[in-house]
Amino acid sequence: MTTATSPNYETVIGLEVHVQLKTQSKLFCRCRTDFGAPPNSQVCPVCTAQPGVLPVLNKKALEGIVKVGLAFGCAITQRTYFARKQYFYPDLPKAYQISQFENPVCKGGEVRISSSSGQKTVHLERIHLEEDAGKLLHAIGSTELPYSLVDLNRAGIPLMEIVSAPEMSSPEEAYEYLTVLKATIQYLGVSDCDMEKGSLRCDANISVRPRGETKLGTKVEVKNMNSFRAVKDAIAHEVDRQIGLRESGGKITQETRLWNEAQGATFSMRSKEEAHDYRYFPEPDLVPLDLASDWLEEIKKTIPELPHHRRARLVSELGLSDYDAGVLVGQKELVDFFEEGLNSFPSEKKKDWAKPLVNWVTTELLGRLNAEKKSVKESPVSALNMAELVGLIQSGQVSGKMGKDIFSEVYESGESPKKLVEKKGLSQVSDEGELLKFVEEVMQENPGIVQDVKGGKERAIGSLVGALMKKTKGRANPQLANELFKKKILS
Ligand SMILES: [Zn+2]
(Lines give C-alpha, C1' and ligand atoms only; values in the text may rest on other atoms or scores of the structure.)
Protein backbone atom coordinates (compact mmCIF):
# COMPACT_ATOMS: atom_id res chain seq x y z
CA MET A 1 0.00 0.00 0.00
CA THR A 2 1.19 3.46 -0.81
CA THR A 3 1.66 6.15 1.77
CA ALA A 4 -0.42 8.85 0.11
CA THR A 5 2.00 11.62 0.98
CA SER A 6 3.84 13.84 -1.41
CA PRO A 7 6.13 16.78 -0.72
CA ASN A 8 4.43 18.75 -3.50
CA TYR A 9 0.78 18.12 -2.77
CA GLU A 10 -1.58 18.60 0.12
CA THR A 11 -4.49 16.22 0.67
CA VAL A 12 -7.90 17.51 1.76
CA ILE A 13 -10.43 15.04 3.15
CA GLY A 14 -13.97 15.51 4.42
CA LEU A 15 -16.07 12.62 5.70
CA GLU A 16 -19.81 12.03 5.66
CA VAL A 17 -20.71 9.39 8.18
CA HIS A 18 -24.13 7.77 8.51
CA VAL A 19 -24.78 6.25 11.91
CA GLN A 20 -27.83 4.20 12.77
CA LEU A 21 -29.42 5.34 16.00
CA LYS A 22 -30.16 2.44 18.34
CA THR A 23 -33.92 2.61 18.80
CA GLN A 24 -36.51 -0.13 19.17
CA SER A 25 -38.77 1.32 16.48
CA LYS A 26 -38.18 3.17 13.22
CA LEU A 27 -37.93 6.94 12.81
CA PHE A 28 -41.54 7.61 11.76
CA CYS A 29 -43.47 4.39 12.48
CA ARG A 30 -43.71 1.64 15.09
CA CYS A 31 -41.92 -1.09 13.10
CA ARG A 32 -39.11 -2.90 14.88
CA THR A 33 -35.47 -2.38 13.88
CA ASP A 34 -33.96 -5.83 14.67
CA PHE A 35 -30.93 -6.73 12.58
CA GLY A 36 -31.17 -9.93 10.52
CA ALA A 37 -34.98 -10.30 10.61
CA PRO A 38 -36.56 -12.11 7.60
CA PRO A 39 -36.98 -9.75 4.61
CA ASN A 40 -40.02 -7.45 4.77
CA SER A 41 -41.05 -8.75 8.19
CA GLN A 42 -40.58 -5.30 9.80
CA VAL A 43 -42.74 -3.12 7.60
CA CYS A 44 -46.04 -1.25 7.84
CA PRO A 45 -48.15 1.15 5.73
CA VAL A 46 -45.99 4.12 6.82
CA CYS A 47 -42.55 2.79 5.88
CA THR A 48 -43.85 1.15 2.69
CA ALA A 49 -45.47 4.47 1.67
CA GLN A 50 -49.12 3.46 1.40
CA PRO A 51 -51.51 6.32 0.61
CA GLY A 52 -53.08 8.25 3.45
CA VAL A 53 -50.51 7.57 6.17
CA LEU A 54 -48.68 10.14 8.28
CA PRO A 55 -45.22 9.96 9.85
CA VAL A 56 -44.80 10.43 13.63
CA LEU A 57 -41.31 11.29 14.91
CA ASN A 58 -39.52 8.87 17.27
CA LYS A 59 -38.48 10.90 20.31
CA LYS A 60 -35.74 8.44 21.27
CA ALA A 61 -33.99 9.06 17.93
CA LEU A 62 -34.13 12.80 18.48
CA GLU A 63 -32.71 12.31 21.97
CA GLY A 64 -29.86 10.25 20.49
CA ILE A 65 -28.78 12.84 17.96
CA VAL A 66 -29.01 15.63 20.57
CA LYS A 67 -26.72 13.63 22.88
CA VAL A 68 -24.18 13.24 20.09
CA GLY A 69 -24.46 16.94 19.26
CA LEU A 70 -23.86 17.93 22.88
CA ALA A 71 -20.90 15.56 23.19
CA PHE A 72 -19.19 17.19 20.18
CA GLY A 73 -20.02 20.70 21.27
CA CYS A 74 -22.48 21.39 18.43
CA ALA A 75 -25.03 24.17 18.62
CA ILE A 76 -28.43 22.53 19.04
CA THR A 77 -30.99 24.21 16.79
CA GLN A 78 -33.98 25.47 18.75
CA ARG A 79 -36.44 25.17 15.86
CA THR A 80 -35.59 22.41 13.47
CA TYR A 81 -37.33 21.20 10.28
CA PHE A 82 -37.59 18.08 8.20
CA ALA A 83 -37.30 18.18 4.42
CA ARG A 84 -38.06 15.89 1.52
CA LYS A 85 -35.04 14.75 -0.45
CA GLN A 86 -36.41 13.45 -3.73
CA TYR A 87 -34.98 10.79 -5.98
CA PHE A 88 -36.16 7.63 -7.68
CA TYR A 89 -34.71 4.31 -6.70
CA PRO A 90 -36.40 0.92 -6.22
CA ASP A 91 -35.42 0.75 -2.54
CA LEU A 92 -37.13 4.06 -1.76
CA PRO A 93 -40.90 3.42 -1.68
CA LYS A 94 -41.99 7.06 -1.19
CA ALA A 95 -39.65 8.27 -3.94
CA TYR A 96 -38.39 10.73 -1.36
CA GLN A 97 -36.46 10.40 1.85
CA ILE A 98 -37.43 12.39 4.91
CA SER A 99 -34.23 14.17 5.84
CA GLN A 100 -33.14 17.63 6.96
CA PHE A 101 -31.85 20.44 4.79
CA GLU A 102 -31.98 23.86 6.40
CA ASN A 103 -31.77 24.08 10.19
CA PRO A 104 -30.55 20.54 11.00
CA VAL A 105 -30.70 19.46 14.65
CA CYS A 106 -26.96 20.10 15.17
CA LYS A 107 -24.68 22.74 13.64
CA GLY A 108 -20.94 23.18 14.11
CA GLY A 109 -19.08 21.24 16.76
CA GLU A 110 -15.67 19.60 16.73
CA VAL A 111 -13.91 16.27 16.99
CA ARG A 112 -10.49 16.24 18.63
CA ILE A 113 -8.05 13.72 17.23
CA SER A 114 -4.37 12.98 17.70
CA SER A 115 -2.38 13.22 14.48
CA SER A 116 1.29 12.81 13.65
CA SER A 117 1.76 16.50 14.43
CA GLY A 118 0.03 16.34 17.83
CA GLN A 119 -3.55 17.15 18.77
CA LYS A 120 -5.80 18.37 16.00
CA THR A 121 -9.36 19.66 15.87
CA VAL A 122 -11.62 18.62 13.02
CA HIS A 123 -14.69 20.82 12.81
CA LEU A 124 -18.14 19.50 12.08
CA GLU A 125 -20.45 21.23 9.64
CA ARG A 126 -23.66 19.59 10.77
CA ILE A 127 -25.38 16.51 12.12
CA HIS A 128 -28.87 15.85 10.84
CA LEU A 129 -31.57 13.24 11.27
CA GLU A 130 -32.92 11.20 8.36
CA GLU A 131 -34.51 7.88 7.52
CA ASP A 132 -32.71 5.02 5.83
CA ALA A 133 -33.80 3.45 2.52
CA GLY A 134 -34.46 -0.25 1.94
CA LYS A 135 -32.06 -2.78 0.53
CA LEU A 136 -31.86 -4.39 -2.90
CA LEU A 137 -30.86 -8.01 -3.24
CA HIS A 138 -29.28 -8.90 -6.57
CA ALA A 139 -28.04 -12.38 -5.68
CA ILE A 140 -28.74 -15.13 -3.18
CA GLY A 141 -25.54 -16.64 -1.91
CA SER A 142 -23.29 -16.75 -4.94
CA THR A 143 -26.15 -17.13 -7.41
CA GLU A 144 -26.91 -14.01 -9.46
CA LEU A 145 -30.64 -13.42 -9.80
CA PRO A 146 -32.17 -12.47 -13.16
CA TYR A 147 -34.25 -9.91 -11.21
CA SER A 148 -33.76 -7.84 -8.01
CA LEU A 149 -35.56 -8.29 -4.73
CA VAL A 150 -36.46 -5.44 -2.37
CA ASP A 151 -36.25 -5.72 1.42
CA LEU A 152 -37.85 -2.76 3.21
CA ASN A 153 -36.84 -3.74 6.76
CA ARG A 154 -34.27 -0.94 6.72
CA ALA A 155 -36.62 1.61 5.18
CA GLY A 156 -37.35 4.21 7.84
CA ILE A 157 -34.55 3.18 10.22
CA PRO A 158 -33.28 6.32 12.01
CA LEU A 159 -29.90 7.61 10.89
CA MET A 160 -27.85 10.63 11.74
CA GLU A 161 -25.53 12.00 9.13
CA ILE A 162 -22.38 13.55 10.54
CA VAL A 163 -20.66 15.87 8.08
CA SER A 164 -17.12 17.03 8.80
CA ALA A 165 -15.43 20.09 7.39
CA PRO A 166 -12.77 19.23 4.77
CA GLU A 167 -10.01 19.43 7.36
CA MET A 168 -8.30 16.06 7.45
CA SER A 169 -5.06 15.79 5.56
CA SER A 170 -4.09 12.12 5.54
CA PRO A 171 -5.70 8.67 5.50
CA GLU A 172 -4.41 8.20 9.04
CA GLU A 173 -6.24 11.30 10.26
CA ALA A 174 -9.45 10.06 8.66
CA TYR A 175 -8.98 6.74 10.44
CA GLU A 176 -8.36 8.47 13.75
CA TYR A 177 -11.41 10.71 13.25
CA LEU A 178 -13.62 7.68 12.67
CA THR A 179 -12.17 5.96 15.72
CA VAL A 180 -12.91 8.95 17.97
CA LEU A 181 -16.38 9.37 16.46
CA LYS A 182 -17.23 5.72 17.01
CA ALA A 183 -15.85 5.58 20.56
CA THR A 184 -17.75 8.71 21.58
CA ILE A 185 -21.03 7.50 20.10
CA GLN A 186 -20.62 4.11 21.74
CA TYR A 187 -19.96 5.77 25.11
CA LEU A 188 -23.22 7.66 24.68
CA GLY A 189 -24.94 4.33 24.03
CA VAL A 190 -26.89 5.67 21.05
CA SER A 191 -25.46 3.32 18.39
CA ASP A 192 -23.40 0.14 17.99
CA CYS A 193 -21.44 1.76 15.13
CA ASP A 194 -20.92 -1.67 13.61
CA MET A 195 -19.80 -1.25 9.99
CA GLU A 196 -20.33 -4.93 9.26
CA LYS A 197 -23.98 -4.68 10.22
CA GLY A 198 -24.34 -1.41 8.35
CA SER A 199 -24.95 0.68 11.46
CA LEU A 200 -22.06 2.96 10.43
CA ARG A 201 -21.30 3.92 6.83
CA CYS A 202 -18.73 6.37 5.60
CA ASP A 203 -18.27 8.31 2.36
CA ALA A 204 -15.10 10.30 1.77
CA ASN A 205 -14.68 13.53 -0.21
CA ILE A 206 -11.10 13.72 -1.36
CA SER A 207 -9.10 16.31 -3.26
CA VAL A 208 -5.46 17.27 -3.65
CA ARG A 209 -3.87 20.66 -4.32
CA PRO A 210 -0.33 21.93 -4.75
CA ARG A 211 1.14 22.75 -1.37
CA GLY A 212 0.59 26.38 -0.40
CA GLU A 213 -2.46 26.86 -2.61
CA THR A 214 -5.62 27.93 -0.79
CA LYS A 215 -8.22 27.03 -3.41
CA LEU A 216 -9.57 23.51 -3.04
CA GLY A 217 -8.86 21.02 -5.81
CA THR A 218 -11.63 19.15 -7.67
CA LYS A 219 -13.17 16.73 -5.21
CA VAL A 220 -14.01 13.10 -5.77
CA GLU A 221 -16.47 11.25 -3.58
CA VAL A 222 -15.51 7.68 -2.69
CA LYS A 223 -18.10 5.21 -1.40
CA ASN A 224 -18.48 1.54 -0.60
CA MET A 225 -15.89 1.06 2.14
CA ASN A 226 -16.93 -1.47 4.76
CA SER A 227 -14.33 -1.11 7.47
CA PHE A 228 -12.22 1.71 8.91
CA ARG A 229 -9.21 0.05 7.32
CA ALA A 230 -10.95 0.08 3.95
CA VAL A 231 -11.63 3.82 4.38
CA LYS A 232 -7.94 4.40 5.03
CA ASP A 233 -6.85 2.23 2.08
CA ALA A 234 -9.41 3.76 -0.27
CA ILE A 235 -8.32 7.30 0.61
CA ALA A 236 -4.63 6.42 0.22
CA HIS A 237 -5.33 4.90 -3.17
CA GLU A 238 -7.50 7.81 -4.33
CA VAL A 239 -4.92 10.40 -3.26
CA ASP A 240 -2.23 8.56 -5.21
CA ARG A 241 -4.50 8.32 -8.24
CA GLN A 242 -5.22 12.07 -8.15
CA ILE A 243 -1.58 13.03 -7.67
CA GLY A 244 -0.61 10.65 -10.48
CA LEU A 245 -3.19 12.24 -12.77
CA ARG A 246 -1.99 15.77 -11.99
CA GLU A 247 1.65 14.84 -12.41
CA SER A 248 1.00 13.33 -15.81
CA GLY A 249 -0.90 16.40 -16.98
CA GLY A 250 -4.32 14.77 -16.67
CA LYS A 251 -7.47 16.37 -15.32
CA ILE A 252 -9.41 15.25 -12.26
CA THR A 253 -13.15 15.03 -12.90
CA GLN A 254 -15.70 15.69 -10.20
CA GLU A 255 -17.36 12.32 -9.76
CA THR A 256 -18.41 9.56 -7.40
CA ARG A 257 -16.18 6.48 -7.31
CA LEU A 258 -16.67 3.10 -5.69
CA TRP A 259 -13.95 1.36 -3.71
CA ASN A 260 -13.31 -2.19 -4.79
CA GLU A 261 -11.74 -3.97 -1.86
CA ALA A 262 -10.64 -7.07 -3.80
CA GLN A 263 -8.84 -5.02 -6.44
CA GLY A 264 -7.62 -2.34 -4.05
CA ALA A 265 -8.78 0.42 -6.41
CA THR A 266 -11.62 2.91 -6.96
CA PHE A 267 -13.85 2.87 -10.05
CA SER A 268 -16.01 5.62 -11.47
CA MET A 269 -19.72 5.33 -10.64
CA ARG A 270 -21.21 8.59 -11.88
CA SER A 271 -19.96 12.00 -12.91
CA LYS A 272 -21.16 15.39 -11.70
CA GLU A 273 -23.47 15.72 -14.72
CA GLU A 274 -25.30 12.61 -13.62
CA ALA A 275 -25.57 13.80 -10.01
CA HIS A 276 -29.04 14.19 -8.56
CA ASP A 277 -30.86 17.42 -7.99
CA TYR A 278 -32.82 16.47 -4.92
CA ARG A 279 -35.32 19.36 -5.09
CA TYR A 280 -35.51 19.65 -1.31
CA PHE A 281 -38.59 21.25 0.21
CA PRO A 282 -39.96 21.34 3.76
CA GLU A 283 -41.79 18.14 4.74
CA PRO A 284 -45.48 19.14 4.95
CA ASP A 285 -46.50 16.08 7.01
CA LEU A 286 -44.30 16.98 9.98
CA VAL A 287 -44.55 20.15 12.04
CA PRO A 288 -41.43 22.18 12.81
CA LEU A 289 -39.82 20.94 15.98
CA ASP A 290 -39.22 23.25 18.93
CA LEU A 291 -36.69 21.80 21.34
CA ALA A 292 -37.52 22.89 24.88
CA SER A 293 -34.51 24.12 26.81
CA ASP A 294 -35.44 22.19 29.98
CA TRP A 295 -35.61 19.01 27.89
CA LEU A 296 -32.13 19.78 26.55
CA GLU A 297 -30.90 20.33 30.12
CA GLU A 298 -32.26 16.91 31.11
CA ILE A 299 -30.37 15.27 28.27
CA LYS A 300 -27.18 17.13 29.15
CA LYS A 301 -27.26 15.48 32.57
CA THR A 302 -27.23 11.99 31.03
CA ILE A 303 -23.97 12.50 29.13
CA PRO A 304 -21.35 10.14 30.62
CA GLU A 305 -17.59 10.61 30.90
CA LEU A 306 -16.46 10.78 27.27
CA PRO A 307 -13.40 9.08 25.76
CA HIS A 308 -11.10 12.12 25.75
CA HIS A 309 -11.92 12.88 29.38
CA ARG A 310 -11.44 9.28 30.37
CA ARG A 311 -8.15 9.16 28.49
CA ALA A 312 -6.87 12.25 30.30
CA ARG A 313 -7.98 10.82 33.66
CA LEU A 314 -6.16 7.50 33.08
CA VAL A 315 -3.00 9.43 32.22
CA SER A 316 -3.16 11.77 35.21
CA GLU A 317 -4.45 9.33 37.84
CA LEU A 318 -2.48 6.23 36.92
CA GLY A 319 0.49 7.65 35.06
CA LEU A 320 -0.33 5.61 31.95
CA SER A 321 1.14 6.80 28.66
CA ASP A 322 -1.19 8.73 26.38
CA TYR A 323 -0.79 5.91 23.87
CA ASP A 324 -1.87 3.17 26.30
CA ALA A 325 -4.79 5.26 27.53
CA GLY A 326 -5.79 5.86 23.91
CA VAL A 327 -5.78 2.15 23.10
CA LEU A 328 -7.96 1.44 26.13
CA VAL A 329 -10.57 4.15 25.63
CA GLY A 330 -10.78 3.36 21.92
CA GLN A 331 -13.19 0.58 22.87
CA LYS A 332 -15.61 1.27 25.67
CA GLU A 333 -15.91 -2.38 26.65
CA LEU A 334 -12.11 -2.67 26.80
CA VAL A 335 -11.62 0.28 29.12
CA ASP A 336 -14.55 -0.87 31.27
CA PHE A 337 -12.89 -4.29 31.54
CA PHE A 338 -9.56 -2.66 32.46
CA GLU A 339 -11.06 -0.43 35.13
CA GLU A 340 -13.10 -3.26 36.64
CA GLY A 341 -9.87 -5.25 37.04
CA LEU A 342 -7.94 -2.22 38.29
CA ASN A 343 -10.51 -1.52 40.99
CA SER A 344 -9.97 -4.97 42.46
CA PHE A 345 -6.32 -4.16 43.22
CA PRO A 346 -5.41 -2.98 46.73
CA SER A 347 -5.60 0.82 46.47
CA GLU A 348 -1.91 1.37 47.28
CA LYS A 349 -0.95 -0.94 44.38
CA LYS A 350 -3.24 0.51 41.72
CA LYS A 351 -0.70 2.91 40.28
CA ASP A 352 2.15 0.36 40.17
CA TRP A 353 0.08 -2.45 38.76
CA ALA A 354 -1.87 -0.42 36.23
CA LYS A 355 0.78 -0.61 33.50
CA PRO A 356 1.30 -4.40 33.83
CA LEU A 357 -2.48 -4.81 33.68
CA VAL A 358 -2.60 -2.72 30.49
CA ASN A 359 0.09 -4.94 28.98
CA TRP A 360 -1.69 -8.15 29.83
CA VAL A 361 -5.04 -6.88 28.62
CA THR A 362 -3.84 -5.32 25.38
CA THR A 363 -1.30 -7.95 24.32
CA GLU A 364 -2.14 -11.39 25.76
CA LEU A 365 -5.90 -11.05 26.11
CA LEU A 366 -6.67 -8.93 23.05
CA GLY A 367 -4.23 -11.00 20.97
CA ARG A 368 -6.08 -14.17 21.86
CA LEU A 369 -9.54 -12.63 21.45
CA ASN A 370 -8.67 -11.10 18.08
CA ALA A 371 -7.28 -14.40 16.83
CA GLU A 372 -10.59 -16.03 17.71
CA LYS A 373 -12.63 -13.06 16.42
CA LYS A 374 -14.16 -12.55 19.84
CA SER A 375 -15.12 -9.26 21.44
CA VAL A 376 -14.02 -8.22 24.93
CA LYS A 377 -17.55 -8.95 26.12
CA GLU A 378 -17.10 -12.58 25.07
CA SER A 379 -13.78 -12.94 26.92
CA PRO A 380 -13.55 -16.26 28.78
CA VAL A 381 -11.19 -14.52 31.23
CA SER A 382 -13.15 -12.18 33.48
CA ALA A 383 -11.76 -8.77 34.43
CA LEU A 384 -11.35 -9.92 38.01
CA ASN A 385 -9.43 -13.07 37.01
CA MET A 386 -7.19 -11.02 34.71
CA ALA A 387 -6.41 -8.66 37.60
CA GLU A 388 -5.86 -11.57 39.98
CA LEU A 389 -3.25 -13.05 37.66
CA VAL A 390 -1.44 -9.71 37.30
CA GLY A 391 -1.51 -9.37 41.09
CA LEU A 392 0.08 -12.82 41.51
CA ILE A 393 2.86 -11.89 39.12
CA GLN A 394 3.46 -8.41 40.50
CA SER A 395 3.67 -9.67 44.06
CA GLY A 396 6.23 -12.27 43.00
CA GLN A 397 4.06 -15.30 43.72
CA VAL A 398 4.18 -16.41 40.11
CA SER A 399 6.89 -15.80 37.51
CA GLY A 400 6.06 -13.90 34.34
CA LYS A 401 6.75 -16.99 32.26
CA MET A 402 4.53 -19.12 34.45
CA GLY A 403 1.93 -16.38 34.20
CA LYS A 404 1.55 -17.02 30.48
CA ASP A 405 0.83 -20.69 31.05
CA ILE A 406 -1.64 -19.86 33.78
CA PHE A 407 -3.28 -17.31 31.51
CA SER A 408 -3.81 -19.99 28.86
CA GLU A 409 -5.39 -22.28 31.38
CA VAL A 410 -7.64 -19.56 32.76
CA TYR A 411 -8.63 -18.74 29.18
CA GLU A 412 -9.59 -22.37 28.56
CA SER A 413 -11.27 -23.10 31.86
CA GLY A 414 -12.45 -19.72 33.15
CA GLU A 415 -11.07 -20.74 36.54
CA SER A 416 -9.55 -18.37 39.07
CA PRO A 417 -5.74 -18.03 38.68
CA LYS A 418 -5.26 -18.27 42.45
CA LYS A 419 -7.10 -21.57 42.61
CA LEU A 420 -5.18 -22.92 39.64
CA VAL A 421 -1.85 -22.01 41.22
CA GLU A 422 -2.84 -23.69 44.50
CA LYS A 423 -4.20 -26.77 42.80
CA LYS A 424 -1.16 -27.32 40.63
CA GLY A 425 1.49 -26.17 43.06
CA LEU A 426 2.70 -23.64 40.55
CA SER A 427 3.58 -20.87 42.88
CA GLN A 428 6.98 -19.32 42.38
CA VAL A 429 9.90 -20.51 44.45
CA SER A 430 10.85 -17.31 46.23
CA ASP A 431 12.02 -19.00 49.38
CA GLU A 432 15.79 -18.53 49.72
CA GLY A 433 16.40 -21.83 51.42
CA GLU A 434 14.53 -23.79 48.82
CA LEU A 435 16.14 -21.91 45.98
CA LEU A 436 19.63 -22.30 47.39
CA LYS A 437 19.37 -26.07 46.91
CA PHE A 438 18.84 -25.56 43.21
CA VAL A 439 21.60 -22.94 43.04
CA GLU A 440 24.11 -25.36 44.46
CA GLU A 441 23.02 -28.14 42.13
CA VAL A 442 23.37 -25.92 39.10
CA MET A 443 26.83 -24.76 40.22
CA GLN A 444 27.98 -28.37 40.59
CA GLU A 445 26.72 -29.24 37.16
CA ASN A 446 28.34 -26.21 35.47
CA PRO A 447 31.84 -25.81 36.93
CA GLY A 448 33.16 -24.16 33.74
CA ILE A 449 30.66 -21.33 33.87
CA VAL A 450 31.28 -20.87 37.59
CA GLN A 451 34.99 -20.44 36.78
CA ASP A 452 34.13 -17.89 34.11
CA VAL A 453 32.11 -15.86 36.60
CA LYS A 454 34.92 -16.03 39.12
CA GLY A 455 37.35 -14.89 36.43
CA GLY A 456 35.32 -11.68 35.97
CA LYS A 457 32.71 -12.64 33.36
CA GLU A 458 29.81 -11.68 35.56
CA ARG A 459 27.41 -11.82 32.66
CA ALA A 460 27.82 -15.60 32.53
CA ILE A 461 25.54 -15.72 35.59
CA GLY A 462 22.70 -15.40 33.06
CA SER A 463 23.30 -18.89 31.75
CA LEU A 464 23.36 -20.29 35.30
CA VAL A 465 20.00 -18.62 35.96
CA GLY A 466 18.76 -20.12 32.69
CA ALA A 467 19.79 -23.59 33.76
CA LEU A 468 18.11 -23.08 37.12
CA MET A 469 14.87 -21.92 35.50
CA LYS A 470 14.92 -25.06 33.39
CA LYS A 471 15.47 -27.24 36.41
CA THR A 472 12.56 -25.64 38.30
CA LYS A 473 10.32 -25.64 35.21
CA GLY A 474 10.15 -21.86 35.32
CA ARG A 475 8.95 -21.69 38.90
CA ALA A 476 11.99 -19.94 40.38
CA ASN A 477 12.11 -16.23 40.99
CA PRO A 478 14.85 -15.24 38.52
CA GLN A 479 15.93 -12.02 40.29
CA LEU A 480 16.42 -13.88 43.54
CA ALA A 481 18.28 -16.73 41.81
CA ASN A 482 20.57 -14.16 40.20
CA GLU A 483 21.39 -12.62 43.58
CA LEU A 484 22.02 -16.00 45.15
CA PHE A 485 24.46 -17.01 42.41
CA LYS A 486 26.33 -13.73 42.84
CA LYS A 487 26.50 -14.21 46.57
CA LYS A 488 27.67 -17.84 46.32
CA ILE A 489 30.29 -17.33 43.65
CA LEU A 490 31.63 -13.85 44.20
CA SER A 491 31.67 -13.41 47.95
ZN1 LIG B 1 -43.15 0.84 9.43
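## The zinc site

In this predicted model, C31 is buried, its relative accessible area being 7%. A similar statement can be made about C47, which is buried with a relative accessible area of 8%; under 20% is the range that counts as buried. What do these cysteines do in the model? Both C31 and C47 are protein donors of the zinc ion, together with C29 and C44, and each of these residues offers its SG atom at 2.3 Å from the ion.

How are the four donor atoms arranged around the zinc ion? The angles they subtend there run from 100 to 116 degrees, and the arrangement is therefore tetrahedral. For a reader new to metal sites, it helps to know that the ideal angle for four tetrahedral donors is 109.5 degrees. Along the chain, the donors of the zinc ion are spaced as C-x1-C-x12-C-x2-C. Since C31 and C47 both lie in the loop between β1 (9-20) and α1 (59-71), the pair ties together parts that are 16 residues apart in sequence.

## Helix α1 against helix α4

Two packed helices are described by the angle between their axes and the distance between the axes. For α1 and helix α4 (residues 293-301), the packing angle is about 65 degrees and the axes are 10 Å apart. The two helices are therefore roughly perpendicular to each other, and the crossing of α1 and α4 is right-handed.

Which residues of α1 and α4 meet? On the side of α1 they are K59, L62, E63, V66, K67 and L70, while α4 contributes W295, L296, I299 and K300. When reading such a list, it is useful to remember that an α-helix has 3.6 residues a turn, so residues three or four places apart point the same way.

## Helices α5, α6 and α7

The axes of helix α5 (residues 307-318) and helix α7 (residues 332-342) come within 13 Å and cross at roughly 30 degrees. This angle makes α5 roughly parallel to α7, and α5 passes α7 in a left-handed crossing. The residues that make the contact are R310, R313, L314 and L318 in α5, and V335, D336, F338, E339 and L342 in α7.

Helix α6 (residues 322-329) has D324, A325, G326, L328 and V329 as buried residues. Among the elements that cover the buried residues of α6 are α5 and α7, as well as α2 (171-188) and α8 (350-371).

## Helix α8 against helix α10

Helix α8 also packs with helix α10 (residues 400-413), at an angle of about 40 degrees and with the axes 12 Å apart. At that angle α8 is oblique to α10, and α8 passes α10 in a right-handed crossing. The contact is made by W360, E364, L365, R368 and L369 on α8, and by G400, G403, K404, F407, S408, Y411 and E412 on α10.

## Two buried positions

T184 has its place in helix α2, and T184 is buried, with a relative accessible area of 4%. Which residues are in contact with T184, if its neighbours within four places in sequence are left aside? They are A71, F72, L306 and P307.

G109, by contrast, belongs to a loop, the one between β6 (106-107) and β7 (110-115). With a relative accessibility of 15%, G109 counts as buried. Not counting residues up to four places away in sequence, G109 touches F72, G73, C74, H123 and L124. From G109 to I65 the separation is 44 residues in sequence, and 13 Å in space from C-alpha to C-alpha.

## Two residues with a positive phi

Most residues other than glycine have a negative phi. Against this background, N224 deserves a look, since its phi is near 75 degrees, a positive value in a residue other than glycine, and its relative accessible area of 49% makes it partly exposed. N224 is placed in the loop between β13 (220-223) and α3 (228-247).

K373, too, has a positive phi although it is not a glycine, with a value near 55 degrees. This residue, K373, is found in the loop between α8 and α9 (383-394). Is K373 buried or exposed? Its relative accessible area is 76%, so K373 is exposed.

How values were computed: Residues are numbered from 1 along each chain as its sequence is written. This is a predicted model: local features need pLDDT of at least 70, side-chain atom pairs count only at pLDDT 80 or more; totals for chains, interfaces and linings use all residues. Side-chain values use heavy atoms; hydrogens and water are left out. Donors are N, O and S atoms within 2.8 Å of the metal (3.2 Å for Na, K and Ca); water is not among the atoms, so sites may look incomplete. Four donors count as tetrahedral if all angles lie between 85 and 135 degrees; four count as square planar and six as octahedral if opposite donors are over 155 degrees apart and all others between 65 and 115; anything else is irregular. Helices (H or I, at least four residues) and strands (E, at least two) are DSSP runs, numbered from the N terminus. Buried means under 20% relative accessible area, exposed over 50%, partly exposed in between (1.4 Å probe, protein chains only). Axes are lines fitted to C-alpha atoms, for helices over the stretch in contact, and angles run from 0 to 180 degrees between N-to-C directions. Angles under 35 degrees count as roughly parallel, over 145 as roughly antiparallel, 65 to 115 as roughly perpendicular and the rest as oblique. A crossing is left-handed if the near helix is turned anticlockwise from the far one by less than a right angle, and right-handed if clockwise. Contact means heavy atoms within 4.5 Å.
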